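The following exercises concern sheet topology, cysteine environment and helix packing. Each task is followed by a solution in steps.

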Amino acid sequence: MRRLLVIITIAMLVSLIAVAYAQTNQVYFKFEISSRQELVSLTRIISIDNVKDKTVYAYANDKQFDYFKTLGYDYTILPSPSSLISPRMADSREAILEWDSYPTYGEYVSMMQRFESDYPGLCIIENIGYSVEGREILFAKLSANVNIEENEPEVMYSSTMHGDETTGYVLMLRLIDYLLSNYGTDPQITNILDSMEVWINPLANPDGTYHGGDNTVEDAIRFNANGVDLNRNFPDPDEGPHPDGNDWQPETIAMMNFFNRHSFVISANFHGGAEVVNYPWDTWPQRHADDAWFIQISREYADSAQTNSPPGYMTDLNNGITNGWDWYTIAGGRQDYLNFWKGCREVTIELSHIKLLPPEQLPDYWDYNRAAFLTYWEQAYYGIKGLVTDASTGLPIAATISVIDHDIDSSEVYTDPDVGDYHRMIEPGTYDLRFTSPGYIPLTVYGVTAIFRNATVVDVQLQPVPDEPMLEFYAHDAGVVNAGDTVSMSITLINNGGGNAYDVNAVSYTHLTLPTN
């Protein structure tokens, strides 16, 4: 009996290993399409990586690839991008600070922890959760008053949610080091940390990056350890909570919980495989309410990268920028999730044509993007901003700020409820703003002018809705009424707490006895 139990246990273990392998095995391939309309259905079946004219490059796990093969396309299997080089790895602080190698997983965690210990007044490292295989998902919080919530925009960078796209991984580590080591001496960096709350996540998919083991990024894969593309795993504005048909992964849940705790204003998600700034929307063809603004900031990033690099860098598609749908549609991307549900303006930035960049080239790509990394965040300074507080107590309010006759598809922004500050980046122009919050009387501010590269401050106080309505008598048709008479009348409750008055409710009372004195 014991021998049978052992045999069954071993068989189950082998089966589990086989299932795990099937889940994390990936195929990288290309094929031709006849029309771009085919992408709408194909992107729900496989993980499209790039589209060049009518050639599609894609990933699939085993289950996805088996289904794809039934569709009848001719395809070519390509070598995994992470198999093309044997990257130099760094397992010490001294080695990684040369910035021409990739850290081991252990050195990555140690380096993040040292940022906090070396700069305790400027940096906090937060573990927001764990990957499928138990690796940490780490964010660095950087600010001059890092332990205090202040009236300042929260900005965020995150990289390598596709585990084999590693250029941004090292560049984000270097950016953290650059900000901390230059605070107090470099005026631009000092101003950023004095006036912003900066969050940086260098590695969003550690299991994918260290698929080959903690000591190498060779054999990195796109997917997480369950064979899921994390950038298809978020709720989608068009296709609902699970557009990829998978449960939310631990990495996705950790990110969504983290976003729920914060009020990010602007962010970027760094990828590789192309050189382009991708702006919303990815999931549908209609344009974002702030499409002109997105084009402007994307153009500024690409222009800066081109200025600081050899000819030809960051020039894909529309000279380095693209609308997501125009390139190829996806559902479940983090960019659309943050823009639609969290009021955060996020773009996706593809940093290098080569996914697993030869490490000796990493310093060059830092030079190409360093200035753009900083100026992109500085977009949060401009537009319309202010504080929304309770008129009775002066305390901050969780409020929604809408631009009348402008906002569509959930493009409104929100206050940080801990402080009450909001930051509405927008194209120059004159706008009417609507401030709303449950339990408060809405307020409209008319004729607010946003000026290019300036900030217009609009602070508002919202009046709480009274516990009992205040009645004001306007007119009646009862003729002469004597004290004590019973009359029939209709009473309308009017919101007269400021802003535009409107009918709240109309209630008819009969047999109303008036006071006798």
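**Exercise 1. Cysteine environment**

Cys123 has a relative accessibility of 1% and therefore counts as buried. The model examined here is predicted.

*Task.* Classify Cys344 as buried or exposed, and state how many disulfides the model contains.

*Solution.*
1. The class "buried" requires a relative accessible area under 20%.
2. Cys344 has 0% relative accessibility, so Cys344 counts as buried.
3. A disulfide is counted where two cysteine sulfur atoms lie within 2.5 Å. By this rule the count is 0.

**Exercise 2. The sheet of 8 strands**

*Task.* Determine the strand order of the open sheet of 8 strands, identify its edge strands, and describe how E9 is joined to E10.

*Solution.*
1. The order reads E7-E8-E10-E9-E11-E14-E12-E13, and the pairing is mixed.
2. The edges are formed by E7 (123-130) and E13 (321-323), each of which pairs on one side only.
3. Between neighbouring strands of this sheet, the average turn is 20°, direction ignored.
4. E9 (residues 154-159) and E10 (residues 197-201) run parallel and are joined by 5 bridges. Within this pair, Glu154 has Glu197 in E10 as its bridge partner.
5. Helix H5 (residues 105-118) lies across E7, E8 (136-142) and E10. The angle between H5 and E8 is about 25°.

**Exercise 3. The sheet of 4 strands**

*Task.* Give the order of the 4 strands in the antiparallel open sheet, and explain why one side of E17 and one side of E20 have no neighbour in the sheet.

*Solution.*
1. The strands follow the order E17-E16-E19-E20, with antiparallel pairing.
2. E17 (413-414) and E20 (443-450) stand at the edges with a single partner strand each, so one side of each has no neighbour in the sheet.
3. E19 (residues 429-436) runs antiparallel to E20 and is joined to it by 6 bridges. One of the bridge partners is Val445 in E20, which is matched with Leu433.

**Exercise 4. Packing of two helices**

*Task.* Characterise the packing of H7 and H14 by axis distance, crossing angle and handedness, and then classify the residues of their contact.

*Solution.*
1. Two packed helices are described by the angle between their axes and the distance between the axes.
2. The axes of H7 (residues 187-195) and H14 (residues 362-377) come within 11 Å and cross at roughly 35°.
3. The crossing of H7 and H14 is left-handed.
4. Gln188, Ile189 and Ile192 of H7 meet Leu374, Thr375 and Trp377 of H14.
5. The residues of this contact comprise 4 nonpolar, 2 polar and no charged.

Note on methods. Residues numbered from 1 in each chain as written. Predicted model: local features only at pLDDT ≥ 70, side-chain atom pairs only at ≥ 80, totals over all residues. Heavy atoms only, no water. Pairing = 2+ DSSP bridges. Axes fitted to C-alpha atoms, helices over the stretch in contact; angles between N-to-C directions. Contact = heavy atoms within 4.5 Å. Buried < 20%, exposed > 50% of the residue type's maximum accessible area, 1.4 Å probe, protein only. Left-handed = near helix turned anticlockwise from the far one by under 90°. Nonpolar A, V, L, I, M, F, W, Y, C, P; charged D, E, K, R; others polar.
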